[in-house]
Amino acid sequence: LKSNKDIAIVSDAGTPCISDPGYRIINAANISGFNVITIPGPSSAIAALSISGLPCDAFYFQGFFEHNRNPYLEP
């Protein structure tokens, strides 16, 4: 990266940095000031998490709100 080359992280275990310890590489790149991007898949939350540099072993997605319910107006 310091010599202006692009690199990619590829995983055979799903989204890179979610099912593997690649977040350490992403975190180091973020701290060093390198531009880290993702190629989004079906979930924007997972795409954002994968380039955040945060440990992903404790991430839990509970799901979406019901389509016919406004969570801000109803208990």
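The chain shown above folds with two helices and zero strands, and it should be kept in mind throughout that this is a predicted model. The helices are H1, which covers residues 23–31, and H2, which covers residues 44–50. Of the 75 residues in the chain, buried ones make up 15%. When contacts between residues at least 6 apart in sequence are considered, 43% of them join residues at least 24 apart.

A good place to begin is the segment before H1, where Ser-11 is found. If neighbours up to four places away in sequence are left out of the count, Ser-11 touches Pro-16 and Asp-20. Ser-11 can also be compared in position with Gly-22, which lies eleven residues away along the chain, and the C-alpha atoms of these two residues are separated by 9.0 Å.

The backbone of this segment has two residues that deserve a careful look. Most residues other than glycine have a negative phi. Asn-4, however, has a positive phi of about 60° although it is not a glycine, and this residue belongs to the segment before H1. Cys-17 lies in the segment before H1 as well, and its phi, near 75°, is again a positive value in a residue other than glycine. Are these residues buried or exposed? Asn-4 counts as exposed, because its relative accessibility is 73% and the cut-off for that word is over 50%. Cys-17, on the other hand, has a relative accessible area of 3% and is therefore buried, since buried means under 20%.

Cys-17 leads to a further point, which concerns cysteine pairs. How many disulfides does the structure hold? The number is zero, and the distance between the sulfur atoms explains why Cys-17 is not part of one: its closest cysteine sulfur is that of Cys-56, 6.9 Å away, which is too far for a bond. A disulfide would need the two sulfur atoms to be within 2.5 Å. Looked at from the other side, the cysteine sulfur closest to that of Cys-56 belongs to Cys-17, so the 6.9 Å between them rules out a bond for Cys-56 too. Cys-56 is buried, with a relative accessible area of 7%.

Cys-17 also appears among the contacts of Ser-50, a residue whose place is in helix H2. Ser-50 has a relative accessible area of 5%, and so it counts as buried. Within its own helix, the side chain of Ser-50 reaches the backbone oxygen of Ala-47 at 2.8 Å. Leaving aside neighbours within four places in sequence, Ser-50 is in contact with Thr-15, Pro-16, Cys-17 and Ile-18, and also with Ile-26 and Thr-38.

The last feature to consider is empty space rather than atoms. Rolling a probe the size of a water molecule over the atoms shows where such space is left. In this model the largest pocket holds about 750 Å³ of space. It is lined by 28 residues, and those closest to its centre are Ile-7, Ala-8, Ile-9, Ile-37 and Thr-38. Thr-38 is thus a residue that both lines this pocket and is in contact with Ser-50. Helices H1 and H2 each supply at least two residues of the lining. Sorted by class, the lining of the largest pocket consists of 19 nonpolar residues, seven polar residues and two charged residues.

Definitions and conventions: Residues numbered from 1 in each chain as written. Predicted model: local features only at pLDDT ≥ 70, side-chain atom pairs only at ≥ 80, totals over all residues. Heavy atoms only, no water. Helix = DSSP H or I, 4+ residues; strand = E, 2+ residues; numbered from the N terminus. Contact = heavy atoms within 4.5 Å. Buried < 20%, exposed > 50% of the residue type's maximum accessible area, 1.4 Å probe, protein only. 1 Å grid on protein atoms, 1.4 Å probe; cavity = no way out; pocket = protein on both sides within 12 Å on 5 of 7 lines; lining within 4 Å. Points joined across faces, edges and corners; volume = space filled by probe spheres on them. Nonpolar A, V, L, I, M, F, W, Y, C, P; charged D, E, K, R; others polar. Polar contact = N/O pair within 3.5 Å; in protein donor to acceptor, adjacent residues only side chain to side chain.
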